[in-house]
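Thanks for sharing this one. Here are my notes, with the ligand site first and the domains after it.

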Amino acid sequence: MKIKAVNGFKDILPDDALRWQMIEKTARDIFARFGMREIRTPVLEKTELFARSIGEATDIVEKEMYTFVDKGITMRPEATASILRAFIEHGLHVKQPVHRLYTIGPMFRHERPQKGRLRQFHQMDVEVIGATEPQVDAELMAMGQMLLDALGIKVSLEINSLGCPACRPAFRDKLIGYLDQHRESLCSDCRRRLETNPLRALDCKNRTCKALVQDAPSILDSLCSDCNDHFSAVKETLDLLGVSYRDNRFMVRGLDYYTRTTFEFITDALGAQAAVGAGGRYDGLLKQLNGPDLPGIGFALGMERLILLMEQQEDRTPPQQTTDLFVAALGEKAAVHASMLVHALRRLGLAAAMDYSGRSLKAQMKQAGRVNSRFTLIIGDNELAEEEGILRDMNSQEQSRFSLSPAVDEQAQQMAAILSA
Ligand code: HAM
């Protein structure tokens, strides 16, 4: 029996890899414009880190983590907790007051795989640690929007405020009071959530629950004046920066660490997987992890979902890898010459290729096409004897002579000059 990849884990094949590279490059360019610096953390962390940050009563911690139970370690389901762990462990806060960090890499959640939902997926995650200002919240959303625009992906931005430890408990009580009156109509998940995580009822997918919460108290009416001012300033700044958004008082997020601003980039083009990216503020989390009492905010974009959306847009053909020069060598001597020339060209920074199998000219020209070669240099025994190869421009099909008489390094220099002309 053939061995296949594990369900929910996917290969990224060479035809697709260039698109991944392009997305990462675009992200890195834009992140750098916003002063973000890269951090890379391990994929394994102590299980306790996620239980204490994401929250014991969340779907992620309750049922989606890949945990080595005998070792007490877990494959990271997200990046925020890991970045904060590293931040605290290395005392980064003593170096400067505000840190702007990003990471790109695989995350692992044992969810039911479907379109846009995998068990190993990739996030581009950004965190700003040490800044309380609402302008930073807006700046991050503007950065996310800039990146999505650069990738040609259309989404809408939805925002909410989840309040803070000063105002959320009163809202929680109000909400429990309301939900309790309708206990009989709630789905079994929400009945359970009433005790553990009542806010999650607000974004329950069940139809009856959805209808019920329309009349539930709104968190936005319960915000304390500080949270209210913060939220207003976030929106004012988004207006100033020309970023469009929509209030969504039902957005509560599936991770417990959020305070105040939360946001999601939403699409209706991916069925049930509406969020392309999401994040928010987590002002108490560093302290909760025994770190310095610093605020933080961040978000993550799901790369598989970005790619699905890009593939749906017909006008964007995937990028292709190209070769500067393919050398078609006919005969043993020609092949020796070709291998030296190809190596010298590669040393000069060019993408050069050849075929070692001694196949016919026709087969080699086909191979040159497959590797998207801009030029092909044909060297047969005759050409070697006359010390002149035939250089073919693969686009125009025009042919010219290329001298093989100087030393190989000099030939490479001359070729490089022709290719860059
Ligand atoms: P999250 O909402 O759990 O937030 O995930 C962020 C994004 O990751 C989602 O919007 C989605 O695009 C992608 N994603 C999540 N799960 C999957 C999956 N199973 N398959 C494919 N894509 C998926 C977080 O992870 C927070 N750490 C974000 C954050 C950063 N908050 C503050 N800083």
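The points below go through the model in that order.

1. A word on the basis: this is a predicted model, in which local features need pLDDT of at least 70 and side-chain atom pairs count only at pLDDT 80 or more, while totals for chains, interfaces and linings use all residues. Residues are numbered from 1 along each chain as its sequence is written, and side-chain values use heavy atoms, with hydrogens and water left out.

2. The ligand is surrounded by 27 residues, counting a residue if one of its heavy atoms lies within 4 Å of the ligand. Glu-78, Thr-80, Glu-111, Arg-253 and Tyr-258 are the closest. By residue type, the shell has 11 nonpolar, 8 polar and 8 charged members, with Tyr and Cys counted as nonpolar and Gly as polar.

3. Some polar contacts (pairs of N or O atoms within 3.5 Å) are worth a look. The side chain of Arg-109 places an N or O atom 2.9 Å from a ligand oxygen. Leu-118 uses a backbone N or O atom, 2.8 Å from a ligand nitrogen. At Gly-277, a polar backbone atom is 3.4 Å from a ligand oxygen. On its own the ligand has 670 Å² of accessible area, and the protein covers 96% of that (Shrake-Rupley method, 1.4 Å probe).

4. Which strand gives the largest share of the shell? Strand 10 does, with 6 residues. Strand 6 (120-129), strand 10 (275-281) and strand 11 (296-302) each supply at least two; strands here are DSSP runs of E, at least two residues long, numbered from the N terminus.

5. Lastly, the domain assignment, automatic or from a database, gives domain 1 (14-167 + 223-312) and domain 2 (323-414). Their centres, taken over C-alpha atoms, are 49 Å apart.

Key: A polar contact is a pair of N or O atoms within 3.5 Å; within protein, one must be able to donate a hydrogen and the other to accept it, and residues adjacent in sequence count only if both atoms are side-chain atoms. Helices (H or I, at least four residues) and strands (E, at least two) are DSSP runs, numbered from the N terminus.
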